[in-house]
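Colleague: I have a structure open on my screen and would like to learn how to read it. Could you walk me through some of its features?

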Amino acid sequence: MGRMNSAMVIVVMGVLTIASCAQAQLRLGFYGQSCPNAEKIVLDYVRSRIPKAPSLAAALIRMHFHDCFVRGCDGSVLLNSTKIANASQTEKVSPPNLSIRGFGFIDGIKALIEKECPGVVSCADIVALAARDSVVTIRADRRRDGTVSNFTEALFNLPPPTFNFANLTVVYASKGLNITDLVLLSGAHTIGVSHCTSFSNRLYNFTGRGDQDPALDSNYAARLKQKCTSLADNVTIVEMDPGSVRTFDLGYYSLLLKRRGLFQSDAALTTNAAAKAFITKLLFAGAMEKMGRIEVKTGSAGEIRRNCALVN
């Protein structure tokens, strides 16, 4: 997937899998005895396929996010529209979820785990594991699969890319998440792509008067207009983090401070003093980590001193 900023990955994915399900009764290593190979099965499946289809990493993270924000992390986003789902139309076919990919990927993992441990590992945990393992390995907790999936609830619970900061904080607070969580989880936009329809109003009709969003860098807007030529373009896709579509790093936050966040919800993060200050801290931490890798000695180079002030 390219170079990853390890601190960024661990923090963001830790928030994604723990804070977003903070109210649930979860326990690390839940399957240690009931299905000890569960995590390895998921990890092996992810490692064997993501390198061949790297764009799936972003898709799996998005799937997990969309699952957790509607009825909690219960795998309800996976349910088809049947009577079993207790709804005429499920989350899967709700507009915010129509572009979600990776359902077949999850089914493939589930089939392998069912052969190993029938009826033990939930689909919700498989989604969580797959999302995290697509970026970095962090252990899973225990989630039960839901039996209800509702089209309308997806519309009202998933924050659209047009939300401002006030709207975002209300939605995140309803899930037990704070401003720090909002900033970190938005960092998932460092990988993946988006259709023009998710942001083209910022280019052509921001206030309904045929204008451009003044919060968007003009040079960046001009480049976007070359790709998304009109409001009607619902086919073209663009990178959310230009030049870093397959790299999970801090580039997304650097772009925000340059007024080059793709979505209105991205730009919103810099309109709040606390959120903007946290972004700056993240970038400083990233720079410190990068500096710490300058010309390091490894292997047989150098030595391990017994006294830090003296060569052995």
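Modeller: Happily! Let's begin with surface: accessible areas come from the Shrake-Rupley method with a 1.4 Å probe. The protein chain exposes about 15800 Å² by that reckoning, and 56% of it is supplied by carbon and sulfur atoms. Please keep in mind that this is a predicted model.

Colleague: How many helices and strands does the protein chain have?

Modeller: There are 13 helices and two strands in the protein chain. Of its 312 residues, 45% are buried. As for contacts between residues at least 6 apart in sequence, 71% join residues at least 24 apart.

Colleague: Let's turn to the aromatics. What describes a pair of aromatic rings?

Modeller: Two things do: the distance of the centres and the angle of the planes. A search of the whole structure turns up five aromatic pairs. One of them is Phe 65 with Phe 69: the ring centres are 4.3 Å apart and the planes meet at 20°, so this pair is stacked. The cut-off behind that word is an angle under 30 degrees.

Colleague: Which kind of pair do Phe 69 and Tyr 172 make?

Modeller: Their ring centres are 5.1 Å apart with the planes at 65°, so this pair is edge-to-face. Phe 69 lies in the loop between helix H3 (55–68) and helix H4 (103–116), while Tyr 172 belongs to helix H7 (residues 165–174), so the pair ties together parts that are 103 residues apart in sequence. Taken together, Phe 65, Phe 69 and Tyr 172 form one aromatic cluster.

Colleague: Are Phe 65 and Phe 69 buried or exposed?

Modeller: A residue counts as buried under 20% relative accessible area. Phe 65 has 16%, so it is buried. Phe 69 is buried at 1%, and Tyr 172 is buried as well.

Colleague: What does Pro 159 touch?

Modeller: Beyond residues up to four places away in sequence, Pro 159 touches Phe 65, Phe 69, Leu 168, Val 171 and Tyr 172. Those partners include the members of the aromatic cluster, Phe 65, Phe 69 and Tyr 172. Pro 159 sits in the loop between H6 and H7, and its 18% relative accessibility makes it buried. An unreviewed UniProt entry places a "binding site" feature at Pro 159.

Colleague: Rings can also have a charge over them. Where does the charged end of Arg 49 sit?

Modeller: It sits over the ring of Tyr 45, 3.7 Å from the ring centre. In another case, the charged end of Lys 92 sits over the ring of Phe 103, at 4.5 Å from its centre.

Colleague: Back to the record. Which residues does UniProt list for "binding site" along with Thr 190?

Modeller: The unreviewed entry lists Asp 241 and Asp 249 with Thr 190. They are spread over 60 residues of sequence yet cluster in space, with a largest C-alpha distance of 9.8 Å. Thr 190 lies in the loop between helix H8 (179–186) and strand E1 (193–195), whereas Asp 241 is in the loop between strand E2 (237–239) and helix H11 (251–257). Thr 190 is buried at 0% relative accessible area, and Asp 241 is buried at 2%.

Colleague: What joins the side chains of Asp 241 and Thr 190?

Modeller: A polar contact of 2.9 Å does. Leaving out residues up to four places away in sequence, the residues touched by Thr 190 include Asp 241, Asp 249 and Tyr 252. Asp 241, counted in that way, touches among others His 189, Thr 190, Asp 249 and Leu 255.

Colleague: And where is Asp 217?

Modeller: Asp 217 is in the loop between helix H9 (201–204) and helix H10 (218–227), and it counts as buried at 11% relative accessibility. A polar atom of its side chain lies 2.9 Å from the backbone nitrogen of Tyr 220. Not counting residues up to four places away in sequence, Asp 217 touches Lys 258, Arg 259 and Arg 260.

Colleague: One last residue: how far apart are the C-alpha atoms of Leu 155 and Glu 91?

Modeller: They are separated by 8.4 Å, although the residues are 64 apart along the chain. Leu 155 is found in helix H6 (residues 151–157) and counts as partly exposed, at 39% relative accessibility. Apart from neighbours within four places in sequence, Leu 155 is in contact with Ser 94, Pro 95 and Pro 96.

Conventions. Residues are numbered from 1 along each chain as its sequence is written. This is a predicted model: local features need pLDDT of at least 70, side-chain atom pairs count only at pLDDT 80 or more; totals for chains, interfaces and linings use all residues. Side-chain values use heavy atoms; hydrogens and water are left out. Rings of Phe, Tyr and Trp (its six-membered ring) pair if their centres lie within 6.5 Å; planes under 30 degrees apart count as stacked, over 60 as edge-to-face and the rest as tilted. Buried means under 20% relative accessible area, exposed over 50%, partly exposed in between (1.4 Å probe, protein chains only). Helices (H or I, at least four residues) and strands (E, at least two) are DSSP runs, numbered from the N terminus. A charge sits over a ring if NZ of Lys or CZ of Arg is within 6 Å of the ring centre and within 35 degrees of the ring normal. Contact means heavy atoms within 4.5 Å. A polar contact is a pair of N or O atoms within 3.5 Å; within protein, one must be able to donate a hydrogen and the other to accept it, and residues adjacent in sequence count only if both atoms are side-chain atoms. UniProt positions are given in the numbering used here, feature names are shortened, and annotations may be inferred rather than shown by experiment.
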